[in-house]
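Here are some short exercises to work through with the model open beside you. Try each one before reading its solution.

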Amino acid sequence: MTAGERDPGLQPERTRLAWRRTTLSCTVAAVLAVRQTLHGGATGAGIVALSLSALAWVVFLWVANRRVQSMGGARPRPMEAEGALTAAACVVALAVFAAAMLF
């Protein structure tokens, strides 16, 4: 290895796995939202919350997939601020919509 090369070690792999775990958690939250809406009876507010949850889930999947794909190189770029904010907003939105479905 030359002085200019970087040995990324396992850090990119750990980051990819963390994104996958978070994606799985968001998927479980979205599935539970569907279950709650169908089990509790489909009200107008429930359908709206479910639709917004699905939208937040899809946007999170898009952001996570972009990040995992960018980790493929030997020298991954840092995540852009707007991607991080979008991911965080999707997670918070899923939590808010889940709470809204309970009431």
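**Exercise 1.** Is Glu 13 buried, partly exposed or exposed?

*Solution.* This is a predicted model, so start from the computed relative accessible area, which is 34% for Glu 13. Partly exposed covers the range between under 20% (buried) and over 50% (exposed). Glu 13 is therefore partly exposed.

**Exercise 2.** Which residue forms a salt bridge with Glu 13?

*Solution.* Look for a side-chain nitrogen of Lys or Arg within 4 Å of a carboxyl oxygen. Arg 16 fits, with its closest N and O atoms to Glu 13 being 2.8 Å apart. Next, place the pair: Arg 16 and Glu 13 are three residues apart in helix α1, so about one helical turn separates them.

**Exercise 3.** Which residues are joined into one network by salt bridges that share partners?

*Solution.* Begin with the whole structure, where a search finds three salt bridges. One of them pairs Glu 80 with Arg 66, at 3.9 Å between the closest N and O atoms. Glu 80 sits in the loop between α2 (44-70) and α3 (81-102) and Arg 66 in helix α2, so this pair ties together parts that are 14 residues apart in sequence. Then take Arg 77, whose side chain meets that of Glu 80 in a salt bridge (3.7 Å, N to O). Shared partners thus join Arg 66, Arg 77 and Glu 80 into one network.

**Exercise 4.** Which residues form a nonpolar patch on the surface with about 280 Å² of accessible area together?

*Solution.* The patch is formed by Leu 24, Val 28 and Leu 32. Checking one member, Leu 32 belongs to helix α1 (residues 11-39) and is partly exposed at 48% relative accessibility.

Technical notes: Residues numbered from 1 in each chain as written. Predicted model: local features only at pLDDT ≥ 70, side-chain atom pairs only at ≥ 80, totals over all residues. Heavy atoms only, no water. Patch = residues over 30% accessible without salt bridge, like charges linked within 9 Å, V, L, I, M, F, W, Y side chains within 5 Å. Areas by Shrake-Rupley, 256 points an atom, 1.4 Å probe, with all protein chains shown as cover. Helix = DSSP H or I, 4+ residues; strand = E, 2+ residues; numbered from the N terminus. Buried < 20%, exposed > 50% of the residue type's maximum accessible area, 1.4 Å probe, protein only.
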